[in-house]
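The exercises below ask you to read a fold from its strand pairings, its charged pairs and its contacts. Please try each task on the displayed model before turning to the worked solution.

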Amino acid sequence: MALKRIFASLLVCLSSSALAAECNMAFAHGVLIAPDHIRILQNNRTHVQINADTQLFIRGELQSLDADETTLLRQYSQGLRRFVPEIVSIAVDGVELGLSGVEAMFNGIGSQSQQAEWRALVRETTFQWMSRFVRSNEHFYLAPQSLNELDYFLHNELKPQLDSLARRTVGAVWGALRDALRYSDSNFERSENQDWQSVGDLVDKLNLSLDEKAVELEQKSALFCQRMQDIEKIEKLLQQRLPELQHYDVVRLKK
């Protein structure tokens, strides 16, 4: 087990360095992907909208496009549709994996109402993480950020915060319930086969799972970076033909 942890840590460190060296592409605006449209947002307001991959609205005004411009718009729209949902899903899966791991610590502890209360507290505490990546049915939102920032989030933000959340919130609950269970079998529900694992052991298992998600991002980083570069090229061609779009440089090289 110790050797496996060391190997996983080395792999994550190497992957983080490799990703940082390979790609400096970033989304400068928020992007919302829906089944029938794409919206480009700035300060939570829609400035550009693409309907059905062929209609372009800039600040609410429908743009007149010729055949070549329509082809470029379709390529641009489809490029965003291939990229944004996949990268959002990796991030959201990472957060959901972490939250599920923390919430799993509540299994068999307390009543159903108590468990619901604790889970609501965990979700409220971690709401800020979810504002950067949103997945709801067939809708996907990606806030302005670079590929490197996503990698940093998975490696350097999510794991330490989940670790802290688990140790403070869950650790305190477990400690209180252990004390209560010593003196009362009627106030709390508990599975007869409940395995009281230490919070540290559970956090270690959670970190290993998050490492796997981070490695998945690293394995796809070169492909993601290439897709962002391809989207940027199409975007520049559109901007040359439609100067109004120059104010909305969605994909760019981060300096």
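Two strands are taken to pair if DSSP finds at least two bridges between them, and the elements themselves are DSSP runs numbered from the N terminus, with helices (H or I) of at least four residues and strands (E) of at least two. The model is a predicted one, in which local features need pLDDT of at least 70 and side-chain atom pairs count only at pLDDT 80 or more, while totals for chains, interfaces and linings use all residues. Residues are numbered from 1 along each chain as its sequence is written, and side-chain values use heavy atoms, with hydrogens and water left out.

**Exercise 1. Describe how strand 3 pairs with strand 2 and with strand 4, and how the chain turns between them.**

Step 1. Strand 2 (residues 30-33) runs antiparallel to strand 3 (residues 37-42), and four bridges hold the pairing; within it, L32 has R39 of strand 3 as its bridge partner. Three residues make the connection in the hairpin that joins strand 2 to strand 3.

Step 2. Strand 3 is also paired with strand 4, again in the antiparallel sense, over six bridges, and here L41 is matched with T46 in strand 4. This second hairpin has two residues between its strands, and N43 in the turn shows a positive phi of about 55°.

**Exercise 2. Work out the order of the strands in the open sheet that contains strand 1, and explain which sides are left without a neighbour.**

Step 1. The sheet is open, has three strands in the order 9-1-10, and is paired in the antiparallel sense.

Step 2. Strand 9 (145-146) and strand 10 (251-253) are the edge strands; each has a single partner strand, so one side of each is left without a neighbour in the sheet.

Step 3. Between strand 1 (residues 25-27) and strand 9 there are two bridges, and A26 finds its bridge partner in S146 of strand 9.

**Exercise 3. Find the salt bridges that involve R81, R241 and E86, and state which parts of the chain each one connects.**

Step 1. A salt bridge is counted when a side-chain nitrogen of Lys or Arg lies within 4 Å of a carboxyl oxygen of Asp or Glu, and the search of the whole structure gives seven of them.

Step 2. R81 pairs with D53, with 3.2 Å between the closest N and O atoms. R81 belongs to helix 2 (residues 67-104) and D53 to the loop between strand 4 (45-51) and strand 5 (55-58), so the pair ties together parts that are 28 residues apart in sequence. On the scale used here, buried means under 20% relative accessible area, exposed over 50%, and partly exposed in between (1.4 Å probe, protein chains only); D53 is accordingly buried at 14%, whereas R81 is partly exposed at 22%.

Step 3. R241 meets D66 at 3.0 Å, N to O. This pair links distant parts of the chain, 175 residues apart, with R241 in helix 6 (residues 199-241) and D66 in the loop between strand 6 (61-62) and helix 2. R241 is partly exposed at 36%, D66 is partly exposed at 34%, and the two are linked with E69 in a network of salt bridges.

Step 4. E86 and R227 form a salt bridge whose closest N and O atoms are 2.9 Å apart. The pair links helix 2, which holds E86, to helix 6, which holds R227, across 141 residues. E86 is partly exposed at 24%, and R227 is partly exposed at 23%.

**Exercise 4. Which residues do S77 and T54 touch beyond their neighbours in sequence?**

Step 1. Contact means heavy atoms within 4.5 Å. S77 lies in helix 2 and is buried, at a relative accessible area of 0%; with neighbours within four places in sequence left aside, S77 contacts I38, I50 and D53.

Step 2. T54 sits in the loop between strand 4 and strand 5 and is partly exposed at 28%. When residues up to four places away in sequence are not counted, T54 touches L65, T70, L73 and R74.

**Exercise 5. What do the totals say about the chain as a whole?**

Step 1. The chain contains six helices and 10 strands, and 46% of its 255 residues are buried.

Step 2. Of the contacts between residues at least 6 apart in sequence, 70% join residues at least 24 apart.
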